[in-house]
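This is a guided reading of one structure, taken part by part. Please look at the sequence and the model first, and then follow the paragraphs below.

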Amino acid sequence: MAKLVVLKFGDANFNQGFAVTLQIGEESDRPTAEITGRLPPCPEMPLYYSRWQSSYRQLGNGYRLDAEKMQVTNVSITQSCQDLAHVLQARFNTWLRTEEFRPLREKWLEKLLPTDEVRVILQTDNSQLQRLPWHLWELFDRYPKAEIAIASPTYDRILQRRTQNSKVKILAIVGNSQGIDTQADLAILQQCQNADVTFLVEPQRQALNDYLWGQNWDILFFAGHSSSQGNDVTGRIYLNKTDSLSINELKYALKQAIERGLHLAIFNSCDGLGLARELADLQIPQMVIMREPVPDQVAQEFLKYFLTCFAGGEPLYQAVRQARERLQGLEDRFPCATWLPVICQNPAQIPLNWQELTPTITPEVQILHTHPQLKWKLSIVSSLAMTGVILGLRFLGVLQSAELQVFDSMMRSRPDEGPDRRMLIVTIDDADLVNQRRNGETLKGTSMSDKSLNALLIKLDEYKPRAIGLDIYRDFPAELPDLVTRLQKTDNLIGVCKSSDSTVMTKGIEPPPEIPKQRQGFSDFIHDADSVVRRHLMFLTPETASLCSADYAFSTQVAFRYLLPLGIEPKFTSQKNLQLGNTIFPRLSPHSGGYQGIDANSGQTLLNYRATKKIAETVTLTQILSSPMNANAIKDRIILIGVTAKGDFPDYWATPYGSRLDKQMPGVMVQAQMISQIISAVLNQRPLLTVWSPGWEIIWIWGWSVVGGLLAWRWRWLPMLALALGITSGVLYLLCLSLLIWGLWIPFVPSAVLLVGTASAIAMQNCKSDFWQKFKK
């Protein structure tokens, strides 16, 4: 889905600097990320622009300015203009790389992929900011599908009483064309496919007013001379050799045209920022204007390139960017031609593409219920209609809870895999807490005393485990000198901390101070709205103020340590997915499987729980300290140390295997599941849980809707149809379960709903048809 980025600038100027707010989100949705920053004072920036502007305007390349203001010079200053353009571009990007602005830049890079289609809106009323060449911001080089528009901080949405025209209705105004060639513009407009173009050539004011009032226009086009006055506050268009108008002098006619569906205004004329500002006050959805005087040939080529892309199906922003960049071929004769076109956007409106401006023609279909050749057609039409409804509800998250419940049921239905023999879990239960206190050991707010931990590490060291994971918070220094040394020098020991979460105002929990950062991992789990842990957070970027600076999860760090002697080290793919050996752990997206619109930031993947009642062999703290151990139970294994007590230090989580308190899983067991998932995928090729792309899911879901329609035509007797639907639903469930066992989570709930829903809808239609046939007889 396309992304929307908004840069809001506060009331200030270049002498004071600007407060800036960056918002990022999905198109047609509320922002999912927002951050504030500053651009520092830069009083010389308007001066750099003014120098370039002065040099540019001295070129005199047949501009579409007021005919009386046009000037032609025989002195070539092309090189000077280009040099000043390079200086302005360099200084502009240096300003945008300042330290105060860096957090916004980093948030942009974090949230947006280079392949994303991005609309960027620059919201400010500072005319000097609006004139700057924002398209030259070096970030746009990384995002070939991004284009920027300028917008006013104040705006409103007009409820357009839009009547669908049979073709795209374009009102093309050709104003005073003294010294320029507007015939080329007319020829280009006449070539537009599926467009009804009305031309007004050098009209009188009353005629233009009547045309704006008289019909429903989709696009308003102007070619001729224009100019901006009063620091870009107002603009004028020159209708003919004697008449010129400001936008305010057409206010009522333009306002009426906008309310009746005028969606886009194109001013293929000079210096259009004043025109844009006045039209923005009338809440027009979009405009395309020229920020500076435009040479005649540049205006014509831009119009040709833009209409070719726009009428060819490209979104408005993409069409403008492609047309603008194609002007580079003219810059040997017309320097900075690519600087001129700019979009002006009403932030409350979503741009329509060319196809949305034209009606969708739906042929009238006469349904003959008794004609066998129409059964397939009716099934497909019904299934498409119902599929559209269900997919819409699914996208909005209405079905998410049901899909997750079925997912849990299938997880519990898988065959037993047996425990993971590569792990041993040392548990601390209520009896262990009692024993430590009975022995006079101080717990200091944790579940394990320094004395017991030191004794445990000494004993484990004798048997040489490959990795030790201490899943117990110790945000205080050890008091025993021997324990301090042991925590520092036990290279295979991984400590735990908790990351901060600014959304709930928690700063996290510090790691053990004796354990260095490279042996720390965060303990955070991600749970869904029903508190069930179904996702595995493998890595993240810590917040600046977090007390826990670990980049990787505790489970990930333990797995890394276990795999290290095998020569397997972590790396990242170009898609920012974690890779261990030949195994790639795919990151979740906001719409993955049954999840719709989740926060999929950082390194999240689905957690494929090991289907077993006991994830690994366990031993209590008291048992391991008081009894001799089998060396083979520890050597080269992963040893996890964690709490299973339900009294003083409960650490229990809802999982697909149970969400009630008595069915929840201890946190250390969830960590063991996550570790087992990683090493089993890398060493045993145990499947990770993945999902289909949205396209394949839609085909799968729609296919079951078609099946439902065909069943309704095959069995018109309702009891037999109910039996057929029951059997088919069972087959669907078994298919989904089988694929889940093999690591593929595919949609069951929407498929089943459409299977039954489409069959029911067609069965009702069959009943009506049968009734009327009997009635006629």
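Contact here means that heavy atoms come within 4.5 Å of each other. Axes are lines fitted to C-alpha atoms, and the angle between two of them runs from 0 to 180 degrees between N-to-C directions. With these terms, helix H19 (residues 667-684) can be placed: it lies across E22 and E23 and runs at about 150° to E23. The model is a predicted one.

The strands under H19 belong to a sheet. E22 and E23, which H19 lies across, are part of an open sheet of 3 strands in the order E21-E22-E23, with antiparallel pairing. Strand E21 (570-572) and strand E23 (583-585) are at the edges with a single partner strand each, so one side of each has no neighbour in the sheet. From one strand to the next, the twist averages 30°. Strand E22 (residues 578-580) is joined to E23 by 3 bridges, and the two run antiparallel. Within this pair, Leu-580 is opposite Thr-583 in E23.

Another sheet has 11 strands. This sheet is open, its pairing is mixed, and its order is E3-E2-E1-E4-E5-E14-E13-E12-E8-E6-E7. Its edges are strand E3 (31-39) and strand E7 (195-201), each of which pairs on one side only. Neighbouring strands in it are turned against each other by 20° on average, with direction ignored. Strands of a sheet pair through backbone hydrogen bonds, in either a parallel or an antiparallel way. One pair in the order, strand E12 (residues 264-268) and strand E13 (residues 286-290), is parallel and has 3 bridges. Here Ile-266 stands opposite Val-288 in E13.

Which strands of this sheet does helix H3 lie across? Helix H3 (residues 102-111) lies across strand E1 (3-9), strand E2 (18-26), E3 and strand E4 (118-123), and its direction is at about 10° to E2. Helix H7 (residues 205-214) lies across strand E6 (168-174), E7 and strand E8 (219-223). The angle of H7 to E6 is about 170°.

Two further helices pack against each other. Helix H6 (residues 183-190) and helix H10 (residues 296-311) meet at an angle of about 5°, and their axes are 9 Å apart. Angles under 35 degrees count as roughly parallel, and H6 and H10 are therefore roughly parallel to each other. On the H6 side, the contact is made by Ala-184, Asp-185, Ile-188 and Leu-189; on the H10 side, by Gln-300, Leu-303, Lys-304 and Leu-307. By class, this contact has 5 nonpolar, 1 polar and 2 charged residues.

A set of strands with antiparallel pairing comes next. Strand E9 (residues 226-229) pairs with strand E10 (residues 234-238) in the antiparallel sense over 4 bridges. In this pair, Ser-228 is opposite Gly-235 in E10. E10 also pairs with strand E11 (residues 244-246), again in the antiparallel sense, over 3 bridges. A hairpin of 5 residues joins E10 to E11. The bridge partner of Ile-237 in E11 is Leu-245.

Ile-237 appears again in the lining of the largest cavity, together with Ile-173, Leu-212, Leu-220, Ile-247, Leu-250, Leu-254 and Phe-267. What classes of residue make up this lining? There are 8 nonpolar residues in it, with no polar and no charged ones. The volume of this cavity is about 50 Å³. In total, the structure holds 7 cavities of 30 Å³ or more.

Last come the open spaces, with the second largest pocket as the example. This pocket holds about 480 Å³ of space. Its lining has 19 residues, and Leu-136, Gln-328, Glu-331, Thr-338 and Trp-339 are the ones nearest its centre. Helix H2 (78-96), helix H5 (139-142) and helix H11 (316-326) are the elements that give two or more residues to the lining. H2 supplies the largest share, 4 residues. By class, the lining of the second largest pocket has 6 nonpolar, 6 polar and 7 charged residues, whereas the lining of the largest cavity has no polar and no charged residues.

Technical notes. Residues numbered from 1 in each chain as written. Predicted model: local features only at pLDDT ≥ 70, side-chain atom pairs only at ≥ 80, totals over all residues. Heavy atoms only, no water. Pairing = 2+ DSSP bridges. Parallel < 35°, antiparallel > 145°, perpendicular 65-115°, else oblique. Nonpolar A, V, L, I, M, F, W, Y, C, P; charged D, E, K, R; others polar. 1 Å grid on protein atoms, 1.4 Å probe; cavity = no way out; pocket = protein on both sides within 12 Å on 5 of 7 lines; lining within 4 Å. Points joined across faces, edges and corners; volume = space filled by probe spheres on them.
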